[in-house]
Amino acid sequence: MRAIRARHAYDGESFLEAGATVLVEDGLIIGVESYGFQVSGPCLVIGYEGTLLPGLIDAHTHLVTDSGVSALDRVAGYSAEEIEEVISRALRDQLLAGVTTVRDLGDRRFCVLDRRDRQLSGPVTEPTIVASGPPLTSKDGHCHYMGGEVSGADEIIGAVAERVERGVDIIKVMASGGVNTPGSDAMLTQFTTAELQLIVDRAHAAGVAVTAHAHGTPAVEQAVAVGVDGIEHCSCVTDRGFGQVSEETVSALARSRIAVCPTIGVDAQLMKAPPPMIKAMMDRMGMTAEQMLQARWDFVGRLHRAGVCELVAAGLSVAEALATATSGAAEACGVSARKGRLAPGYDADLLVVDGDLETDVTALHRPRSVLLRGLPVSA
């Protein structure tokens, strides 16, 4: 047995006033006590002055991209060896940042799903993968080069069946176009309502959840109507800007309890000189980069007030916002029985950051130690 203790702690729901001593055995948490708890018997005790919390969960990532400018443009051209290296590098970078679980929502021809399957064969020093395989998209639609193009009922039924047979954790569908695929329009739908309903019904019949990429307002409305389990981006964008949606739709979204991942992380340096396709979208809406980002934040705030989204910049407390990257994300990703909390029976995937996270949320930028199954990860 080993014990990891810290003067400050967050358990996935709230901050613990007395800090925490987390007891770990065989990679699982077997107890959570106060910082001053006296550990008896043979036990290695590792102490920290910072804040201890569950490892973070990235609920929307594409491990096949290299995080550089126009990264999606390079995916189609990678060799099998190159794409494996990109995936390995992405997993390593996530782990060093404190992310111990990732939900990959779009790979190329099931390569990330294959990586997940290899993880299941034995412990590895990388974040746990939750995987969708290639996203379902229309012919020449957004991210079509990943291998998920479908047209018509027969191809849709076949594609859903293939994903179920391969054991995907979730099915991803591109309900709208995207900004980064030439010829695709982020403001328009890619499937008819009947086709999207078919995807949802077939997946649900097999016990698999569906999340929909939806930027444009029509796609968001369509996704709510057919009963998807999650909506990615949920920008509600038209040529008039972001958040162009009725209160009726926002209320319906809140009532549905559909998990919304607004994907509002932004590289401030990148936005000083936006890539051409993002610049074209900004010009179409008549917005500067600053106006576009503010509009996104304002809309997320509106969703939060309606009971949909939860983030600090949208008006939440630090504790509530952290839940969206721990316990809340675990629920959205289907791993809430073992990830996202400091509690007995949960995986001992942990993060320690500098200082008191409750008073300084930027401490998340300063990870001191990342632990998988209770063991520190080397840089």
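Thr181 counts as buried, at 1% relative accessibility. This is a predicted model, and I will go through it a few residues at a time, then turn to the helices. Thr181 lies in the loop between strand 9, residues 170-174, and helix 5. Its side chain has two polar partners to point out. With the side chain of His142, Thr181 makes a polar contact of 2.7 Å. The side chain of Thr181 also reaches the backbone nitrogen of Cys143, at 3.1 Å. If we leave out residues up to four places away in sequence, Thr181 touches Gly141, His142, Cys143, His144, Tyr145 and Met277. So both polar partners, His142 and Cys143, appear in that list of neighbours, under the contact limit of heavy atoms within 4.5 Å.

Staying in that loop, the next residue is Ala175. Ala175 is found between strand 9 and helix 5. Is Ala175 buried or exposed? At 0% relative accessibility, Ala175 counts as buried, because the cut-off for buried is under 20%. Ala175 touches a list of residues, again not counting those up to four places away in sequence. Among them are Leu188, Thr189, Gln190 and Phe191. The list also includes Leu196, Ala212, His213, Ala214, Ala219 and Gln222. For a sense of distance, take Ala20, which is 155 residues from Ala175 along the chain. The C-alpha atoms of Ala175 and Ala20 are separated by 44 Å.

Now to another loop, the one between strand 7, residues 99-104, and helix 3, residues 111-119, where Gly106 has its place. Gly106 is buried, with a relative accessible area of 0%. Which residues does Gly106 touch, not counting those up to four places away in sequence? They are His62, Val64, Ser132, Gly133, Pro135 and Met146. Gly106 and Glu33 are 73 residues apart along the chain, and their C-alpha atoms are separated by 39 Å.

Phe110 is found in the loop between strand 7 and helix 3 as well. Phe110 counts as buried at 6% relative accessibility. The point to note here is the backbone: phi of Phe110 is near 70°, a positive value in a residue other than glycine.

Cys234 is another case of this kind. Cys234 has a positive phi of about 50°, although it is not a glycine. Cys234 is found in a strand, strand 11, residues 230-237. At 1% relative accessibility, Cys234 counts as buried.

One more residue before the helices: Thr61, in strand 6, residues 56-61. Thr61 is buried, with a relative accessible area of 12%. Its side chain makes a polar contact with the side chain of Gln94, at 3.5 Å. Not counting residues up to four places away in sequence, Thr61 touches Gln94, Val102, Arg103, Asp104 and Leu105.

Now the helices, beginning with helix 4 and helix 5. Helix 4 covers residues 152-166 and helix 5 covers residues 193-205. How do their axes cross? The axes come within 10 Å and cross at roughly 30°. That makes helix 4 roughly parallel to helix 5, because angles under 35 degrees count as roughly parallel. The crossing of helix 4 and helix 5 is right-handed. On the helix 4 side, the residues in contact are Gly152, Ala153, Ile156, Ile157 and Val160. They meet Glu195, Leu198, Ile199, Arg202 and Ala203 in helix 5. By class, the residues of this contact divide into seven nonpolar, one polar and two charged.

Helix 5 also packs against helix 6, residues 217-226, at an angle of about 45°, with the axes 9 Å apart. Helix 5 and helix 6 are therefore oblique to each other. The crossing of helix 5 and helix 6 is right-handed. From helix 5, the contact is made by Thr193, Leu196, Gln197 and Val200. From helix 6, the contact is made by Gln222, Ala223, Ala225 and Val226. The contact of helix 5 with helix 6 has five nonpolar, three polar and no charged residues.

One link back to the loop residues to finish. Leu196 of helix 5 and Gln222 of helix 6 take part in the contact of these helices, and Ala175 touches Leu196 and Gln222.

Notes. Residues numbered from 1 in each chain as written. Predicted model: local features only at pLDDT ≥ 70, side-chain atom pairs only at ≥ 80, totals over all residues. Heavy atoms only, no water. Axes fitted to C-alpha atoms, helices over the stretch in contact; angles between N-to-C directions. Helix = DSSP H or I, 4+ residues; strand = E, 2+ residues; numbered from the N terminus. Parallel < 35°, antiparallel > 145°, perpendicular 65-115°, else oblique. Left-handed = near helix turned anticlockwise from the far one by under 90°. Nonpolar A, V, L, I, M, F, W, Y, C, P; charged D, E, K, R; others polar. Buried < 20%, exposed > 50% of the residue type's maximum accessible area, 1.4 Å probe, protein only. Polar contact = N/O pair within 3.5 Å; in protein donor to acceptor, adjacent residues only side chain to side chain.
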